[in-house]
Structures are given as structure tokens and as C-alpha cells.
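Let's take a friendly look at how a protein can hold a ligand. Have the sequence and the 3D view ready as you read.

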Amino acid sequence: MSSIAFIGLGNMGAPMALNLVKAGHTLTVFDLMPAAVKGLTDAGARAAASASEAVKGADVVISMLPASKHVEGLYLGEDLLGKIPSSALVIECSTIAPDSARKVAQAAEVRGITMIDAPVSGGTGGAAAGTLTFIVGGQAAALERARPVLEKMGKNIFHAGPAGAGQVAKICNNMLLGILMAGTSEALALGVANGLDPKVLSDIIAKSSGRNWATELYNPWPGVMEHAPASKGYAGGFGVDLMLKDLGLAAESALSARASIPLGELARNLYSLHSSGGSGKLDFSSIVNLVKREQD
Ligand code: NAD
């Protein structure tokens, strides 16, 4: 069993780390928010006072942070790479700009450290159930080294290509997710405004050609799915501001490749509007509130 340093224990990192503890790995964890560490130490992980302390003697280092600036700040700004043993494998799971992923991976390579970008899909439910999809960028041999650890947190593991390719694929996926959640919200609001029961309409769509991940697992309408963030006041889950970040990454990728993403740009503007209305910390499925009437 490996000695693993896990940094970033938010909505995703905490349940992912917990699955590694349950699998018998020795975990040393760190998060800037001390409260985030509690669930892990209760389960048997050791809390470190800093990221540098967490990586001492680690075989594997995993990070799950909000955005590019946090990842670059940690590995390059705080020079965590200078403290990680050169024999260690670094698995960076945050969704960040492909250029950032390449920059950090190159800096790791200079120090003789192997690093892969391994952003995930599957939401907090997938993280808790250990059924995440890992989308890996980096050397195939590095992915094989990571596989036994990734398999304890996920069910599907894909090799997208060289460093940064995992992020490119993840950004494409999340642009589609942002669009489909906004579209699903619009369809449900239209049905309800015309007298339909949102649960009945959701059941119909889930078995018809409009079905998608939102109608199957993550319905945006409160009360339709007991375990979805919509039924818990949009708490936890995947934040509006994180979706906005991913749609911003899609826009940057489109600009640099001269690609057209008219729906992605529209979705980015919708989530931006929603965030500036004060909903940035809510789950992204709260986008339904932009089109839902008060009385519904
Ligand atoms: P989150 O905001 O809940 O958690 C991030 C954690 O990182 C926080 O606990 C924060 O305190 C910690 N952190 C920030 N900087 C740190 C540092 N320098 N050192 C240590 N800890 C630090 O975010 P999340 O929902 O867990 O998402 C994490 C990443 O996963 C994001 O890139 C997100 O886009 C991606 N993602 C999220 C979901 C989801 O459903 N929530 C799904 C797939 C991918």
C-alpha cells in the first residue's frame, strides 16, 4: 500500500481521499481550511500542518484544488515541487487550464518528478461512490503507475494524450454539461409554467430523446430527486463559480484554437449572470432559478 499525500479536501477531495483510506492506503492530508480535514482524520488519516509536511516521504501526491492559480501557486509559487521526493508520482486532479497543467508538469519533469493531469467527472456522488471517470494527460507509463490508486476512486480511466490533454477533454465535457444543465432547466421551467408536474415531466424526458445526465442523476428542480443538490437548497455539489471557471477555460481554448463555441459562450454568460446575482457558491444546477417562476 502506498503512502499518499492528499492536498485539497473540498466537496470532491474529501470523499476521494476517504476512499483511499478505506482501501488501506496511508494518507497524510492537508487543506487550508482546518475543518475540511476532520472527516479524514476521524477515518484514520494523518493531518499535516502544511502541504510541504504532507508530501514528506510520499510515494504519491494527489491534489484537488479549485483552479489554475491555486495549482500553480502550490507547486510553483510555494515550490512544493522542491519538497516532493523525486521518486514520487504526482496526480493533479483539479480542472485547470491545459497550459497551466503543462507548465507544472514540465517544472516537475525538470526535477525528475513524474506528473499527470487527471481531472475527474462524476460529481460529488461519483466521488463518494468511488465511480469517478479519470481523464488523464501525460505519459502512458505514468498512467499505469497511477492506475492502482485511481481505481480506488474511479471506475473509468481514460488516457486523453500527452500532458494537458486530460484538461482539454475535461473542458469539452464540462462545456457540454453547462449547456445541458441550462437547457434541461429551461425545458422543465417551460413545462411547469404550462401546468406540468416537474417530476412527471422529468420521468418522461428521462425515457425520451431529451434525456441526459441532469435528468438521470442530477435534476435541477427541487424535490424531483431526493439526493440531488436541488433538493438540499443547492448546497454542496459543483459550485456555479467552478462551472463559470470551466466555461471560461472553454472560451480561452476556443480563442486559442480559433474554434466556434456559440452555445458554450451563451452558457458562460448565463452562469456569469447567475453568479453576479449572488449565487456563485450554490450548486450549478441552481441555474434553473434564472428561468423558474417564483410561484413554481
Ligand atoms: P471546493 O472548493 O469544494 O474544494 C477545494 C478545496 O481546496 C477547499 O477545501 C480549499 O480550502 C482547498 N484549497 C485551496 N487552495 C489550497 C491550497 N493551496 N492548499 C490546500 N488546500 C487548498 O472544490 P471542489 O468542488 O472539491 O472542486 C475541486 C476541483 O474539482 C475543481 O477544479 C473543480 O472544477 C473540479 N471538479 C469538481 C466537481 C464537483 O462536482 N464539485 C466535479 C468534477 C470536477
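This report goes through the surroundings of the ligand in a predicted model.

## Where the ligand sits

Start with the overall location: the ligand occupies the largest pocket. Two helices, helix 6 (123–129) and helix 11 (240–257), are the elements that each give two or more residues to the shell around the ligand.

You can also think in terms of domains. Because domain 1 (3–162) and domain 2 (168–290) both contribute residues to this shell, the ligand lies between them.

## Who the neighbours are

In total, 24 residues surround the ligand, and the closest are Asn11, Met12, Asp31, Pro66 and Lys245. Sorted by class, the shell contains twelve nonpolar, nine polar and three charged residues.

## Contacts to find

Now zoom in on single atoms. The side chain of aspartate 31 has an N or O atom 2.6 Å from an oxygen atom of the ligand. For methionine 12, a backbone N or O atom is 2.9 Å from a ligand oxygen atom. Leucine 32 also takes part through its backbone, where an N or O atom lies 3.4 Å from a nitrogen atom of the ligand.

How much of the ligand's accessible area does the protein cover? On its own the ligand has 850 Å² of accessible area, and the protein covers 88% of that.

Technical notes: Residues are numbered from 1 along each chain as its sequence is written. This is a predicted model: local features need pLDDT of at least 70, side-chain atom pairs count only at pLDDT 80 or more; totals for chains, interfaces and linings use all residues. Side-chain values use heavy atoms; hydrogens and water are left out. A residue is near a molecule or strand if one of its heavy atoms lies within 4 Å of it. A polar contact is a pair of N or O atoms within 3.5 Å; within protein, one must be able to donate a hydrogen and the other to accept it, and residues adjacent in sequence count only if both atoms are side-chain atoms. Accessible areas come from the Shrake-Rupley method with a 1.4 Å probe; for residues, only the protein chains shown count as cover. On a 1 Å grid over the protein atoms alone, a cavity is a set of points where a 1.4 Å probe fits but cannot get out, and a pocket is an open set with protein on both sides within 12 Å along at least five of seven lines; lining residues have an atom within 4 Å of a point. A molecule sits in a cavity or pocket if more than half of its atoms lie within 2 Å of its grid points. Helices (H or I, at least four residues) and strands (E, at least two) are DSSP runs, numbered from the N terminus. Ala, Val, Leu, Ile, Met, Phe, Trp, Tyr, Cys and Pro count as nonpolar, Asp, Glu, Lys and Arg as charged, and the others, Gly among them, as polar. Domain bounds come from an automatic or database domain assignment.
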